Every structure is written in structure tokens, then in C-alpha cells.
Amino acid sequence: MIIKIYPDNPNRRELDRAVSALRDGKVIIYPTEVGYAYGCDALQSRSVERICELKGLDPKRKSLSIMCTDMSMAADYCRIDNEAFRYIKDHLAQKYTFVLPAGSSLPKVFKNRKEVGIRLALHPLTKLLAESLGSPLLTSSLPLDVDTPEYASDPELIEERYGLTVEMVLDGGIVPFELTTVVDCTTDPYTILREGGSPL
């Protein structure tokens with residue numbers, strides 16, 4: 001099922017439908033600033049585990065990432081010291097994932113690791129969705145096939161390939177796939193774990 005939502009003039013019924021699905025523990029596919037991703041309510045362990053199954057991820061070995069509306073929401077789910085706060089604030093508009101110490105409010109699936117990836121919503125539909133949900137989204141990018149990259153960026157093709165594995169695909173238009181830059185803010189000095197499209 002594919003649903004079109006316009007962030008500047010959202011159909012509340014369609015938006016509520018997507019939020020209800022997340023609250024019911026469903027997995028969706030939604031647009032981010034760097035392409036489309038699997039998403040669920042990050043506070044529901046079974047939903048998080050379902051995304052790990054879809055992606056073939058082992059949360060004991062790989063950090064999971066959550067999408068937050070802003071710094072205030074992020075601070076509820078991770079520990080941000082003054083230095084990290086300043087660094088993140090200086091890079092709010094960049095396509096970054098910040099690795100930070102996980103907070104105690106995250107579900108047990110996150111506690112297999114001491115850190116969590118934090119992303120701040122830059123795509124307007126992502127921000128609207130997380131604001132309406134009232135909690136962060138567990139986010140994991142769709143698999144990238146180098147021969148057919150459009151299956152990670154075009155919602156109609158995504159519905160064709162992945163539609164049967166999720167509750168719905170939210171159509172936010174075509175969003176070119178791009179890697180985020182991953183910065184480990186738990187080390188001193190901070191460590192660049194992956195260079196993405198945004199400049200360092």
C-alpha cells in the first residue's frame with residue numbers, strides 16, 4: 001500500500017493512518033533526506049526486531065539508529081554532554097548520524113550495545129511523522145543495489161519491490177540515495193566512522 005502525504009498540506013486522515021500503524025507496532029517505509037528507509041516506533045522492541053530481520057542486522061553487533069524531530073527529543077533517548085551538544089548544534093543542517101551513549105529510556109533491544117545512532121529529521125515528511133508519533137523512529141535505510149539504485153529512492157518502485165513486507169510505503173517523492181556521515185561522539189577526539197555526502 002502506498003500513501004501520498006504532502007508535508008505542507010497533509011491529509012490528516014492519511015497521516016493519522018500512518019501514525020496508528022506505527023503505534024500498532026507495524027513497520028513502514030518512509031522518506032528521509034538520504035533516500036527511503038524502514039521505520040517503526042523505536043520504543044517497541046518487537047517492531048525494532050522486525051526491521052533487524054528485514055535487514056539481516058544483529059543488534060548485538062551493530063548500532064541501531066533513531067530519527068528524532070530535534071535536539072530535545074534526542075536528549076530523551078541518549079546522553080549528550082556539553083561538547084556533543086555544541087557539535088551537533090553546529091551540524092544540524094548536515095546529513096549526519098551522531099553516535100552517542102544510549103539512554104535508559106530505550107527498549108531492551110538497544111541495551112545490547114551502549115551506544116545509539118541519532119539522526120535529526122531533515123525531510124519535512126519525516127519530521128511531521130515523528131512529531132505526530134511523539135517518539136523517535138527506528139530508522140534503517142533500504143538495501144542499495146548498485147545496479148538498480150532507484151529501488152531505494154523511487155516510492156513506486158519501492159512499493160513494487162518491498163510493499164508486501166511492510167504495512168505501507170509513504171510517498172514523499174523521489175529522494176536520491178546518499179550515505180549519511182557517521183560521527184562517533186563517544187570517543188575523544190570524535191571519530192569519523194563513515195564519510196557520506198555531507199562535507200566534514
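# Exercises on a predicted fold

The lining of the largest pocket is made up of 12 nonpolar, eight polar and eight charged residues. Here Ala, Val, Leu, Ile, Met, Phe, Trp, Tyr, Cys and Pro count as nonpolar, Asp, Glu, Lys and Arg as charged, and the others, Gly among them, as polar. The model is predicted: local features need pLDDT of at least 70, side-chain atom pairs count only at pLDDT 80 or more, and totals for chains, interfaces and linings use all residues. Residues are numbered from 1 along each chain as its sequence is written, and side-chain values use heavy atoms, with hydrogens and water left out.

**Exercise 1. Describe the largest pocket: its volume, its centre and the elements that line it.**

Step 1: Let's fix the terms. On a 1 Å grid over the protein atoms alone, a pocket is an open set of points with protein on both sides within 12 Å along at least five of seven lines, a cavity is a set where a 1.4 Å probe fits but cannot get out, and lining residues have an atom within 4 Å of a point. Grid points are joined across faces, edges and corners, and a volume is the space filled by probe spheres set on the points.

Step 2: The largest pocket holds about 560 Å³ of space. Its lining has 28 residues, of which K62, S63, S65, V182 and R194 are the closest to the centre.

Step 3: Two or more lining residues come from each of α2 (45-55), β5, β6, β7, β9 and β10. The largest share is that of β7, with four residues. Helices (H or I, at least four residues) and strands (E, at least two) are DSSP runs, numbered from the N terminus.

**Exercise 2. Find the largest cavity and list its lining.**

Step 1: One cavity of 30 Å³ or more is present in the structure, and the largest cavity has about 30 Å³ of space.

Step 2: Its lining consists of P59, K62, S63, L64, V109, F110, R113 and E115. By class, that gives four nonpolar, one polar and three charged residues.

**Exercise 3. Trace the sheet from edge to edge and place helices α1 and α4 on it.**

Step 1: Read off the order. The open sheet has 10 strands, arranged β1-β8-β2-β3-β7-β4-β6-β5-β9-β10, with mixed pairing. Two strands pair if DSSP finds at least two bridges between them.

Step 2: At the edges are β1 (2-4) and β10 (191-194), each of which pairs on one side only. On average, neighbouring strands are turned by 35° against each other, direction ignored.

Step 3: Add the helices. Helix α1 (residues 12-23) packs on the sheet and touches β1, β2 (28-32), β3 (35-41), β7 (137-141) and β8 (168-171), with its direction at about 140° to that of β8. Helix α4 (residues 82-90) also packs on the sheet, touching β5 (96-101), β6 (115-120) and β9, and its direction makes about 170° with that of β5. Contact means heavy atoms within 4.5 Å; axes are lines fitted to C-alpha atoms, for helices over the stretch in contact, and angles run from 0 to 180 degrees between N-to-C directions.

**Exercise 4. Which strands pair with β3, and is β3 enclosed or open?**

Step 1: β2 and β3 are antiparallel partners over five bridges, and a hairpin of two residues connects them. I28 faces G39 in β3.

Step 2: Strand β3 also runs antiparallel to β7, again with five bridges. In that pair, D41 is opposite L137 in β7.

Step 3: Seven of the seven residues of β3 are buried, so β3 is largely enclosed by the rest of the structure. Buried means under 20% relative accessible area, exposed over 50%, and partly exposed in between (1.4 Å probe, protein chains only).

**Exercise 5. Look at two loop residues, S153 and P107: is each buried or exposed?**

Step 1: S153 sits in the loop between β7 and α6 (155-162). S153 counts as buried because its relative accessibility is 9%. Beyond its neighbours within four places in sequence, S153 contacts Y36, I158, G173, I174, V175, P176 and F177.

Step 2: P107 belongs to the loop between β5 and β6. At 11% relative accessibility, P107 is buried too. P107 touches A42, L43 and S45, with residues up to four places away in sequence not counted.

**Exercise 6. Locate a cis peptide bond and a positive phi in the backbone.**

Step 1: Keep the background in mind: most residues other than glycine have a negative phi, and most peptide bonds are trans.

Step 2: The bond between D188 and P189 is cis, with omega about 5°. P189 lies in the loop between β9 and β10.

Step 3: G134, just after α5, has a positive phi of about 85°.
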